[in-house]
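Open the model in a viewer with a selection prompt ready. The stops below are given in the order in which to select them.

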Amino acid sequence: MANASANTIELAQTGKRDELRELELKYQARWEKERLFEVEAPSPEELSGLTPAQIKEQYPKWFGNFPYPYTNGSLHLGHAFTISKIEFAAGYHRMVGKRVLFPHGFHCTGMPIKAAADKIEREIEMFGENFERFVPDEEPTPAAPTTTSDGSAKAVDKGKKGKVAAKATGLQYQFQIMESMGVPREEIKKFADPYYWLKYYPPICIEDNKLFGSRIDWRRSFITTVANPYYDAFVRWQTNKLYKLGKIKFGERYTVYSPKDGQPCMDHDRSEGEALGPTEYTGIKMEVVSFPDAAEKVIREKVGSRKVFLVAATLRPETMYGQTNCFVGTQIKYGVFGINDKEAYVCTYRAARNMAFQGITAVRGEVNQLAEIEGSLLVGTKIKAPLSVNPEVYVLPMENVLPTKGTGVVTSVPSDSPDDFQTLTDLRKKPEFYKVDPSWVQYDPVPVISTPTYGEMTAPAVIKQLKIQSQKDTKQLAEAKEIAYKEGFYNGTMLVGEFKGLAVQEAKPRVREQLISSGLAFAYAEPEGLIISRSSDECVIALMDQWYLDYGEPSWRAQAEKLVAKMETYNAETRNAFEGVLAWLNKWACARTYGLGSKIPWDPTFLVESLSDSTIYMAYYTIAHHLHSKLDGSEPGDLGITADQMTDEVWDYVLNGGPFPDPAPLPKEKADRLKHDFNYFYPFDVRSSGKDLIPNHLTFCVYIHAALFPEEKWPLSMRTNGHLMVNGQKMSKSKGNSMTMRQCIEKFGADATRLCLADAGDGIEDANFDEKTANANILRLHTLIAWCDEQIKNKGQLRTGEKNYHDLVFEHEVNDLNIKTKQFYADMTYKDALKYGFYELQSTRDWYREVTADVGMHADLVEWWIRTAALLALPVAPHFAEHVWSTILKEPKSVQLAQWPAVTRPVDQTVLDSAVYMRGTIKTMRDAELSLLKKMNKGKQGQATYDPKRPRAVRIYVSTAFPEWQETCVQIVKDAYSPEHDKVDDAKVRELLTQRGLIKDKRAMPFVQAFKKRMQQFGTQTAFNRTVPFSEVKILHEILPYLKRTLNLTDAEVLLVDDAKSKDLSTLTKGLVESAEPGNPAFEYYNV
């Protein structure tokens, strides 16, 4: 491909892919024409008189969904990965007889679309409606983002992020970004209207999903905001309901504010810093014990009787136990600010200005600067360190402290902060160079947090891992900081303090609360990056009255915790993450004045913000197609209901069991139909999402469901996945490995892409989309289709009649794979479903084809395998399955209507064990000869008993009894085994081996270890039983023809050990015969 980069592959040949894509388009058109993915609830008449349990049994349903994407660009491969989790499940649940509802909406609420539209409007004013006056050479140099620490730099990036942004593109103007996204320049002017985005991108997204083969009922799709009056009414109802329940309250919250303008500065009021918000810190008050003389002269007389505190802003209050010092920047000018008549704070002016609007200073908005001092003069100040095991510490110099992040004062916890540890290390190595007294750096790092990966000293461990040598290694330190913070927060356990033993996620808010309530700290916030108003004012964060959802309120939190406890989360990591978020999540501002959305009903100057109008919309899917027939609700649905008829009372009746209103705005039978459909499909069975939404969207979903719905309507499960990497690297435009969903489908085809997504991973850790795997899938699918087609066309040439041993084994193995695959699909573990139901299924066929080459495969079994292969692959590779089903097998109905294949007979483990034995024996014999040939080629064959290059035969010796020494070893293991603990006492084994004279026998201990593995593999009783559940002689006789053919032997025979011993054997052969044991035959090649 032309756009392949060093981080993506280029397809040399595309003929096979193009053939597969032709088939995909053909079957997608058929599915759409036959409306196969449209689903309805059973009629009220069908469900009449049935209990909920009976309905579940007779009319089972499955409702899966995922977070609707934001409509400011095309879906990327990460979206496809999350969608695939529901898509594969939808395919499976259709096959087990359920009515499957898989819907897909479009989120338009919030600021990014409006902010981008406003940019285009401004650029049209600057350059003309088609930007014809834009001249690249005259392009002004973009303002450099304010230099801050790594955290602040990221924050500035966030203001320009998203699909509508210049992230990693180097493009300055919004119209350039739109062009880079494939929008024709002459059409870009239309995007100055924010509502045009809502018309432009959803159809593209729908088309992408259709090309992917998604089993989505598109009749139920919708857009959000006032653009859709039905959804707007739905948001109005839930917002009013939450308000009446006391869940939405009014009070002080942080907001971006322009002191110059005297009002909040929302996105549209900004010339820089769109989409940035507050970052909340804990302001740590470190009381000055003594200043160095130079600082004392500057400060003391100006502060009067006030106590002086150095104030540090930290995101990690839980680490304060480990303070060893405090850092300042020697090149920074600090202010001493009178907070009131009793206290003065040392920090940057920027920080003091933020504090002045947060109720921290005596007079709101007033910055009372008493003095200014160079940071270098503060070095050597002795201060009190709140909570620290070192009560008093010293102020030290740090090169990387910046004035545009936090307060310019930094607490130092070298056990958990890589920057702190490295700086302390540098200062200790060269105290004279840095002009510090050695006594100031006397305190060693204090263990505060333990993590499974890095132990009790995370920062030193990460520093060592990344080979960081100096505080000048800023890039590596930024990476180390991110690693250490995430490891500590998500996996850490407190080692000290009142909350010792608690998870860091749980301890963090408690430590913060303790510090604040004891007067050792205060809540402090600042913008997460530079925000400049249209009036050229640098904005601050102000504490102002606003509407918020009262998350964290004890009784509501208890309901949410109960919901999570009942809900399936598929893995412990997801459950732990939910529990951790519930432990700290607090009040959430639910209103904004700028952007797109629905208005707060009782205060229409505000809009419901984007995370608060998207908590229970899954319920809307159940009835959306009855309400409207177009995405924007511009045309009513099949019940002819108008948006104004959907009053709060009607919504309450439909979704919440409320009374039917009188007077009624619509006929009751219409409302009853809505209620009927909702009650049938709700609650949803699973919601699948990226793990990054647990701290907000998914937990909000839990809270609002707990507040608005009875328990029987609570979500049944939520599963989360990690981010999707491409070719082992994080997907990004700068790396050249960023792909949209459509680009990937165009490159590899839908099924090859889907197979690769299924193979990418199912856990909460990051998954990997390997393009080489996707490319290999093209060949695998093409080859498999050709083989299936050939076999069916030539079925008359295949063997018929009675089935032999290999037919029996094949049938049992395919049935076993069927059962395993079905369970993996049910568990949503698609990598394993693919492994057993696709790859191993083909390997089983390959062996069957090979082992029956002399007599041929059985016609019935070949067709049965093809049918099974199509059906087991159907959830993941539906186009392949449809082609095999409809075109090759000539089934009249679509494969999408097929049921999961029944096993043809109960799986006999004995038959499966015999197959493992058969293949294992063949491999051992083949490997032995290959090993000898390798030695001969190297001239190291020694005293070989035969020449593998001359005609040869083999004798296989089968034993029905174990050697006496082995029986003794088994009895020893049995005596040392504890059924209660299901464990073998190794010390007792050694003791018994010694007692019975076997401890020095070199065979004994390896045998014992192998036997313990057998116990794990086959179960304790089977291992102790020590019987082979099949006739080895019979199995070996079945494979003799195959052995002779594949090993090119002139003869092969099977002998029982007892029979062989009765013959006149050489010493070598005798030893060989005696080495045979049940399940592990001996064999001897010889020349003829």
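**Stop 1: a helix pair**

Select Arg 557, Ala 560, Glu 561, Val 564 and Ala 565 in helix H18, then add Arg 575, Phe 578, Leu 582 and Ala 583 in helix H19; the two groups meet each other. By class, the residues of this contact between H18 and H19 divide into 6 nonpolar, no polar and 3 charged. Keep in mind that the model is predicted.

Now widen the selection to the whole helices, residues 554–566 for H18 and residues 572–584 for H19. Their axes come within 11 Å and cross at roughly 180°. H18 is therefore roughly antiparallel to H19.

**Stop 2: a sheet of four strands**

Hide the helices and show the strands E4, E3, E19 and E20, which form an open sheet in the order E4-E3-E19-E20. The pairing is antiparallel. Which strands are at the edges? Strand E4 (263–264) and strand E20 (588–589) are the edge strands, and each pairs on one side only.

Next, select residues 248–258 for strand E3 and residues 540–549 for strand E19. How many bridges join E3 and E19? The antiparallel pairing of E3 with E19 runs over 10 bridges. To check the register, label Glu 252, which stands opposite Asp 545 in E19.

**Stop 3: Tyr 92 and its contacts**

Move to helix H4 (residues 77–95) and pick out Tyr 92, which is found there. Is Tyr 92 buried or exposed? Its relative accessible area is 6%, so Tyr 92 counts as buried, the cut-off being under 20%.

Show what surrounds this residue. Leaving aside neighbours within four places in sequence, Tyr 92 is in contact with Lys 822, Tyr 825, Ala 826, Pro 875 and Trp 900. Draw a distance between the C-alpha atoms of Tyr 92 and Lys 822: the separation is 8.2 Å, although the two residues are 730 residues apart along the chain.

**Stop 4: two annotated domains**

Colour residues 59–119 and 199–769, where UniProt, in an unreviewed entry, places the feature "domain: Aminoacyl-tRNA synthetase class Ia". Over residues 59–119 the chain is 44% helix and 13% strand, with the end C-alpha atoms 52 Å apart.

Finish with residues 958–1025, listed by UniProt (unreviewed entry) as "domain: Leucine--tRNA ligase RagD-binding". Here the chain is 65% helix and 7% strand. The C-alpha atoms at the ends of residues 958–1025 are 18 Å apart.

Technical notes: Residues numbered from 1 in each chain as written. Predicted model: local features only at pLDDT ≥ 70, side-chain atom pairs only at ≥ 80, totals over all residues. Heavy atoms only, no water. Axes fitted to C-alpha atoms, helices over the stretch in contact; angles between N-to-C directions. Parallel < 35°, antiparallel > 145°, perpendicular 65-115°, else oblique. Contact = heavy atoms within 4.5 Å. Nonpolar A, V, L, I, M, F, W, Y, C, P; charged D, E, K, R; others polar. Pairing = 2+ DSSP bridges. Buried < 20%, exposed > 50% of the residue type's maximum accessible area, 1.4 Å probe, protein only. UniProt positions renumbered as here; feature names shortened; annotations may be inferred.
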